[in-house]
Amino acid sequence: MKRKLAAIMFSDMVGYSRLIDKDENHGMKLLDEHNQILSKLIRSSNGRIVKYIGDGIFSVFDSSIEAIDCAINIQNSLDNRNNKEQEIDQFMVRIGIHVGDVVEKDKDLYGDGVNIAARIEPISLSGGIVISEAVYNSMQAGKKYSLRKIGPVKLKNIKDP
């Protein structure tokens, strides 16, 4: 096992369950496109995809700035894409980013850092990005990005807000 500090990003396709229930073939087509777009942007931002989780992607970066820049690129790319598509072919994602200690085992990542990142992703609005206070503190994000604090949030099975 290898331990390291990492920027962890979870993304999730908004409304995918509803979409797949309505039209499975169309939902799968959009999921494939989602995976292609996000995978390309993650890799071009020096990120590594740890795994695909249904309609979500768990990825890791060496720096918070790379993770945030990637998330912003994803949301901007999807906005541009959606502006050219009919409403039925549009999709959005929500993204959560945390920086923390992780344990790498068999090409997968484990630990509180992963758990926190997974828990903050659902807090994000559709088309939004949520970062933890640890990410903010690690990079002085307020100097480069326009941010809005949401305050302490109690996360399921996480001791500290």
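**Figure 1. The second largest pocket, with about 410 Å³ of space.** This close-up comes from a predicted model, as do the others below. The second largest pocket has 15 lining residues, and those nearest its centre are Gly-15, Leu-19, Glu-87, Ile-88 and Gln-90. Two elements, helix 1 (16–22) and helix 2 (24–44), each give two or more residues to this lining. Helix 1 has the largest share, with three residues. Sorted by class, the lining comes out as seven nonpolar, four polar and four charged residues.

**Figure 2. The largest pocket, at a volume of about 1100 Å³.** Here 31 residues do the lining, and Val-130, Ile-131, Ser-132, Glu-133 and Ile-150 sit closest to the centre. Which elements supply at least two residues each to this lining? They are helix 3 (64–83), helix 4 (112–120), strand 6 (129–131) and helix 5 (133–139). As for chemistry, the lining of the largest pocket splits into 19 nonpolar, six polar and six charged residues.

**Figure 3. The buried residues of helix 4.** Zoom in on helix 4 and you can pick out Gly-113, Val-114, Ile-116, Ala-117 and Ile-120 as its buried residues. Looking down the helix axis, these residues fall within an arc of 165°, so they line one face of helix 4. And what sits over them? The cover includes strand 1, strand 3, strand 4 (93–105), strand 5 (108–110) and strand 6. Helix 4 also turns up in Figure 2, as one of the elements that each supply at least two residues to the lining of the largest pocket.

**Figure 4. The aromatic pair of the model, Phe-10 with Phe-58.** The aromatic pair count comes to one. The ring centres of Phe-10 and Phe-58 are 4.6 Å apart and the planes meet at 10°, so this pair counts as stacked, with the cut-off for stacking being under 30 degrees. Phe-10 belongs to strand 1 (residues 2–13) and Phe-58 to strand 3 (residues 56–61), so the pair ties together parts that are 48 residues apart in sequence. Both Phe-10 and Phe-58 are buried.

**Figure 5. Met-9 and its contacts, in strand 1.** Is Met-9 buried or exposed? Its relative accessibility is 0%, so Met-9 counts as buried. Leaving out neighbours within four places in sequence, Met-9 is in contact with Ile-42, Ile-57, Phe-58, Ser-59, Phe-61, Ala-67, Cys-70, Ala-71, Ile-74, Ile-95, Gly-96 and Ile-97. Phe-58 in that list is the residue whose ring stacks with Phe-10. If you want a distance to check, the C-alpha atoms of Met-9 and Val-50 are 9.9 Å apart, with their positions 41 residues apart along the chain.

**Figure 6. Gly-27, a residue of helix 2.** Gly-27 has 0% relative accessibility and so counts as buried. Not counting residues up to four places away in sequence, Gly-27 touches Tyr-16, Leu-19 and Ile-20. Of these, Leu-19 is also listed among the residues nearest the centre of the second largest pocket. From Gly-27 to Phe-91, which are 64 residues apart along the chain, the C-alpha separation is 9.9 Å.

**Figure 7. Two loop residues with positive phi, Asn-46 and Asp-106.** Most residues other than glycine have a negative phi. Asn-46 goes the other way, with a phi near 65°, and Asp-106 does too, with a phi near 55°. Where do they sit? Asn-46 is in the loop between helix 2 and strand 2 (48–53), while Asp-106 is in the loop between strand 4 and strand 5. With 55% relative accessibility, Asn-46 counts as exposed. Asp-106 is at 71% and counts as exposed as well.

**Figure 8. Tyr-145, in the segment after helix 5.** At 12% relative accessibility, Tyr-145 counts as buried, since the limit is under 20%. What does Tyr-145 touch, not counting residues up to four places away in sequence? Its contacts are Ile-65, Ile-68, Asp-69, Ile-72 and Met-139. Measuring stick at hand: Tyr-145 and Ile-49 are 24 Å apart from C-alpha to C-alpha, and 96 residues apart in sequence.

Methods: Residues numbered from 1 in each chain as written. Predicted model: local features only at pLDDT ≥ 70, side-chain atom pairs only at ≥ 80, totals over all residues. Heavy atoms only, no water. Phe/Tyr/Trp six-rings, centres within 6.5 Å; stacked < 30°, edge-to-face > 60°. Helix = DSSP H or I, 4+ residues; strand = E, 2+ residues; numbered from the N terminus. Buried < 20%, exposed > 50% of the residue type's maximum accessible area, 1.4 Å probe, protein only. 1 Å grid on protein atoms, 1.4 Å probe; cavity = no way out; pocket = protein on both sides within 12 Å on 5 of 7 lines; lining within 4 Å. Points joined across faces, edges and corners; volume = space filled by probe spheres on them. Nonpolar A, V, L, I, M, F, W, Y, C, P; charged D, E, K, R; others polar. Arc of directions from axis to C-beta. Contact = heavy atoms within 4.5 Å.
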